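Q: Please take a close look at the last helix of the longer chain. What surrounds that part, and how does the rest of the model fit around it?

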Amino acid sequence: MSDFARQVETLRPQLLRYARSQLRNDAWAEDAVSEALLAALEKPQSFAGQSQLKTWLVGILKHKVVDQLRRHSREATILSDDDDTDIDELLFAADGHWREAPQAWGSPEQTLNQRQFFEALDVCVERLPPAQGRVFMMREWLELGTEEICKELGITSTNLWVLLHRARLRLRDCLQQGWFAGRPVS
Amino acid sequence: MNFNRSCREVTRLVLESEERELPLADRLALQIHWRICEGCTKFRGQAKLMREAMARWRGYRDSDEPPQS
């Protein structure tokens, strides 16, 4: 195996994790990663070396992940039961007031300079329910436009909006509990 | 025009503003609400932090660069 092939293979577990976190399906993730690795190994000359190998591979993987989403769009949009919990009901009383007022998180700079924060954020993203996780990742990781996401998944913009809204509130809740709670903020 | 919004509605608008520009009346209602509501003002700060975090999170995932670079 060439050095190049070995380096590519070394990154496979990480690519698989990324594909899984977007697709929420092991078989589709395996396919996306295999297709990405094949594309990379078939055209090593397209890796010009000016970017990191990982950056280049992740770029290819994103295209293959979108292909998988397209291929399985019907199955991908089944909203599982755990998506039905209305987080708004948990956060707000009937009169629309916060049940528990949000806490100050301090300055973004202080938080965003810590590598562990991003590890915590990663965990929170992985924990999102499947449908919410998929649309959130399509928006934030694949950076697809809202119209494109609706088209790929065959959902209305209202569906998409509700899923993104719930995903962001859940993420906020997870960060509050998993990172900010008990951490003194300046 | 009625500029009264509940905290629940304000939260929805703050998150919606990440996807599209809000109508003038909603933007005004948010400004008025933030002046009188500490909880929603803090939520606004949380949403801002999360927005910045997601941009850096992509860099953290997609390369081996440390998040601050």
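**Helix H11 of chain A in its setting**

A: Chain A holds 11 helices and zero strands. The model is predicted. Read along the sequence, its pattern is α-α-α-α-α-α-α-α-α-α-α. The C-alpha atoms of chain A fill a box of roughly 65 × 40 × 25 Å along the principal axes. Of the 186 residues in chain A, 32% are buried. Among contacts in chain A with a separation of 6 or more, 73% join residues 24 or more positions apart.

Now the helix itself. H11(A) spans residues 157–180. It counts 24 residues and reaches 32 Å from its first C-alpha to its last. That is close to the 34 Å expected at 1.5 Å a residue. Gly182(A) follows H11(A), and its phi is positive, near 80°.

Next, burial. The buried residues of H11(A) are Leu163(A), Leu164(A), Arg166(A), Ala167(A), Arg168(A), Leu169(A), Arg170(A), Leu171(A), Arg172(A), Leu175(A) and Phe180(A). Several arginines are on that list, including Arg166(A) and Arg168(A). An α-helix has 3.6 residues a turn, so residues three or four places apart point the same way. Leu164(A), Ala167(A) and Leu171(A) are among the buried residues.

What covers these residues? The cover includes H6 (87–91), H8 and H9 of chain A. It also includes H1 (7–16) and H3 of chain B. Both chains therefore appear in the cover of H11(A).

The core tells a matching story. The largest nonpolar core has 25 residues. Those with the most contacts inside it are Leu121(A), Val135(A), Phe136(A), Ala167(A) and Leu171(A). Ala167(A) and Leu171(A) are also buried residues of H11(A). Five helices each supply at least two residues of this core: H8 (115–126), H9 (130–140), H10 (146–153) and H11 of chain A, together with H3 (38–62) of chain B. H11(A) gives the most, with six residues.

Phe136(A) shows one link to H11(A). Leaving out residues up to four places away in sequence, Phe136(A) touches Leu128(A), Leu164(A) and Ala167(A). Leu164(A) and Ala167(A) are both buried in H11(A).

Now the partner chain. Chain B has three helices and zero strands. From the N terminus on, its elements run α-α-α. Of its 69 residues, 25% count as buried. Among contacts in chain B with a separation of 6 or more, residues 24 or more positions apart account for 53%.

The two chains meet through 30 residues of chain B and 31 residues of chain A. On the side of chain B that touches chain A, H1 and H3 of chain B are the elements that give two or more residues. H3(B) provides the largest share of that side, 18 residues. By class, that side has 11 nonpolar, six polar and 13 charged residues. H1 and H3 of chain B also help cover the buried residues of H11(A).

Step back to the domains. Chain A is divided into domain 1 (3–74) and domain 2 (77–180). The C-alpha centres of the two domains lie 25 Å apart. Contact between them involves 10 residues of domain 1 and 12 residues of domain 2. On the domain 1 side, H2 (12–23), H4 (53–71) and H5 (73–76) of chain A each supply at least two residues. H4(A) gives the most to that side, with five residues. By class, the domain 1 side has three nonpolar, three polar and four charged residues.

Two loop residues deserve a look. Arg24(A) lies in the loop between H2 and H3 (26–42) of chain A. Its phi is near 55°, a positive value in a residue other than glycine. Arg24(A) counts as buried because 20 C-beta neighbours lie inside 10 Å. Glu143(A) lies in the loop between H9 and H10 of chain A. Its phi is also positive, near 55°, again in a residue other than glycine. Glu143(A), however, counts as exposed because 10 C-beta neighbours lie inside 10 Å.

Back to the helix to close. H11(A) gives six residues to the largest core. Its buried residues are covered by elements that include helices of both chain A and chain B.

Note on methods. Residues are numbered from 1 along each chain as its sequence is written. Chains are lettered from A and ligands numbered from 1 in the order in which they are written. This is a predicted model: local features need pLDDT of at least 70, side-chain atom pairs count only at pLDDT 80 or more; totals for chains, interfaces and linings use all residues. A nonpolar core is a set of buried Ala, Val, Leu, Ile, Met, Phe, Trp, Tyr and Cys residues joined through C-beta atoms within 7 Å. A residue is buried if 20 or more other C-beta atoms lie within 10 Å of its own, exposed if 12 or fewer, and partly exposed in between; C-beta atoms are placed from the backbone. Helices (H or I, at least four residues) and strands (E, at least two) are DSSP runs, numbered from the N terminus. Two residues are in contact if their C-beta atoms, placed from the backbone, lie within 7 Å. The expected span of a helix is 1.5 Å times one less than its number of residues. Ala, Val, Leu, Ile, Met, Phe, Trp, Tyr, Cys and Pro count as nonpolar, Asp, Glu, Lys and Arg as charged, and the others, Gly among them, as polar. Domain bounds come from an automatic or database domain assignment.
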